[in-house]
Amino acid sequence: MPLKTYHHPVDSYMVSAEQLKWTDEYTDAALHQAIADGKEIKNPKSRAKGIRTHKLACIAFAGLYGMTDQWGVHGKVSMWKPNVDFDFAGHKIRIACASANEGWNFGSTLSERIWENDFDRGNHTGYVLAAWFPPYVDFVGWLPRDQLILSK
């Protein structure tokens with residue numbers, strides 16, 4: 001299911017060097033833990049990129065919207081995302097972060113995939129599309145769960 005951009009103001013967060021370093025260390029630790037547990041990682045470079053962009057988007061979301069108190073679910077070292085990224089005002093949010101580049105995933109063509117199994121579990125009431133373009137994370141799309149199913 002593609003989550004794409006639509007018109008509204010874009011919020012941006014500048015990632016600090018310390019946050020970027022923590023994200024790189026977290027990504028390395030998650031991959032090494034998976035290998036130590038005997039799991040085969042088919043495409044480690046792609047998997048590392050996915051972990052890194054998701055954690056950067058979550059850091060930015062927490063920092064920009066004052067949700068650092070919910071950071072506990074993101075601190076546990078794992079290759080997999082937590083079931084719910086953020087929970088506030090009765091809404092459970094999943095952050096979908098794309099690496100923006102000028103080649104093919106930039107501006108109005110920016111999109112990121114929501115895994116259907118993740119969507120079908122029904123853990124989330126809303127989805128947020130974020131873009132990572134160093135050193136910024138931009139929040140460009142907000143979509144409720146019931147509207148995302150219509151774009152399937």
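**Aromatic pairs around Phe139**

Phe139 is buried, with 0% relative accessible area. This holds for a predicted model. Start at this residue and follow its ring contacts.

The rings of Tyr65 and Phe139 have centres 5.8 Å apart. Their planes meet at 65°, so the pair is edge-to-face; the cut-off for that class is over 60 degrees. The contact links distant parts of the chain. Tyr65 sits in helix H2, Phe139 in strand E7, and 74 residues separate them. Tyr65 is partly exposed, at 27% relative accessible area. Buried would require a value under 20%, so Tyr65 does not count as buried.

Now take the wider set. The structure holds six aromatic pairs. One of them joins Phe61 and Phe139, with ring centres 5.6 Å apart. Here the planes stand at 75°, so this pair too is edge-to-face. It also links distant parts of the chain. Phe61 lies in helix H2, which spans residues 44–65. Phe139 lies in strand E7, residues 136–144. The two residues are 78 apart. Phe61 counts as buried because its relative accessibility is 1%, and the limit is under 20%.

Which residues do the ring pairs link into a cluster? They are Phe61, Tyr65, Phe86 and Phe139. Within this cluster, Phe139 pairs with Phe61 and with Tyr65. Both of those partners belong to helix H2.

How values were computed:
Residues numbered from 1 in each chain as written. Predicted model: local features only at pLDDT ≥ 70, side-chain atom pairs only at ≥ 80, totals over all residues. Heavy atoms only, no water. Phe/Tyr/Trp six-rings, centres within 6.5 Å; stacked < 30°, edge-to-face > 60°. Helix = DSSP H or I, 4+ residues; strand = E, 2+ residues; numbered from the N terminus. Buried < 20%, exposed > 50% of the residue type's maximum accessible area, 1.4 Å probe, protein only.
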